[in-house]
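Welcome! Please take a moment to look at the sequence and the model below before reading on.

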Amino acid sequence: MKKRVLGTLLCFAMAASLTAGCGEKPDSKPADSGMTTAEEEKSDVKADPVDKKKVYVSTDWVQSVIDGNQEESSDYVILECAWGEEADDPAYTEGHIKGAYHMNTDYIESEEYWNIRTPEEIEKLMADYGITKDTTVICYGADGVNSADDRVAFTLLWAGVENVKCLDGGFEAWTKAGYTAEKGSNKPEATDKGFGTTVPAHPEYVISIADVKEKLENDSNFKLVSIRSIAEFSGETSGYGYIDKAGEPKGAIWGHDTDDGSYNKEDGTTVGIDVLEGYLKESGASLDNELAFYCGTGWRATVPFLICYENGNTNAKLYDGGWFQWQMDDSLPVQVGDPENGKCEYTTVGNLTKDKAKK
């Protein structure tokens, strides 16, 4: 899949989960010890309800759903999200939330550009996992930095699932909170009820490469925001072992990188929209602009989109193709360097050198 370093990324695979039973009471045993006698002690965690559009939720809220104490408890699925198959995902096999299903991100992305798969493929995937538009889906990954769960959550919202959550801080937060985990493989039960709406229900969440190019040329209110490292943004490296050209679409601005922790608080949970607003201000933009977030292939950029979404900001989109798709067209305009400091070269993709793949 679109892993930053194609052969190495297997390392941090997260874990996909569905849960349809009762949860467990926090105890002092390590999370990877499997189920213990605490399994028989049904926990009863209470947490305040959250708005349907609230994406990033606490460990207590997730456990309260499992315990049957939320409106969402009647129909929910928990997905542990990671690149690769379940057998190759140590984060899942070593211990996951009870009832969790593994979601391989390859199931939602196609190899050509690592863009979201066709509506038909996504609708079938939803059916295979027992998900309809009315199912609450809780996504999580290994920690609060790796954005596979955000990528899956975005795809679910695009498809039309109306209540999508991400466990804030990931499985690391889950274990730190004292909640136990189970081992073993859980397989989703397919549904034949139908998804309940046309997929995608929200095509407007994604902007095409053609529309990005047109808006960069003609719409001064449009801002293409790079959610990549400063080394990627300035053209020092592509950031990926399988992309040999470096640079950014001409006119892009920098919005900081999720991989360096810029979008996480000290405890690993996700920052608020005030922090995102500050990043935009640094680059002469604001939440009033039409914003299209992008990265290399679509993972990191989903984080600021979801922050906007849960705060009611409707100006945000995802440029799904990212730098990967842009650098495939030799005619497209490119900037190499940082326009903010005046040290920037403007050229086209075809004139870029091919020595910038991540070593």
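Here is a short tour of two helices and a loop residue.

This is a predicted model, in which local features need pLDDT of at least 70, side-chain atom pairs count only at pLDDT 80 or more, and totals for chains, interfaces and linings use all residues. Residues are numbered from 1 along each chain as its sequence is written, and side-chain values use heavy atoms, leaving out hydrogens and water.

Let us begin with α3. Helices (H or I, at least four residues) and strands (E, at least two) are DSSP runs, numbered from the N terminus. Buried means under 20% relative accessible area and exposed over 50%, with partly exposed in between (1.4 Å probe, protein chains only).

| Residues of α3 (119–128) | State |
|---|---|
| Ile122, Leu125, Met126 | buried |
| Glu120, Lys124 | exposed |

The buried residues cover an arc of only 100° around the axis (judged by the directions from the axis to the C-beta atoms), which puts them on the same side of α3. Glu120 and Lys124 lie on the other side. The buried residues of α3 pack against β3 (101–104) and α4 (148–159), where contact means heavy atoms within 4.5 Å.

Next, α4 also meets α9 (residues 302–310): the two helices pack at an angle of about 50°, with their axes 9 Å apart. Residues in α4 including Phe154 and Leu157 meet α9 residues, among them Val303 and Leu306.

Finally, Thr270 is found in the loop between β9 (253–254) and α8 (273–282). Thr270 is buried, with a relative accessible area of 10%, and touches residues including Tyr56, Asp168 and Val303.

Methods. Axes fitted to C-alpha atoms, helices over the stretch in contact; angles between N-to-C directions. Lists of a residue's contacts leave out its neighbours within four places in sequence.
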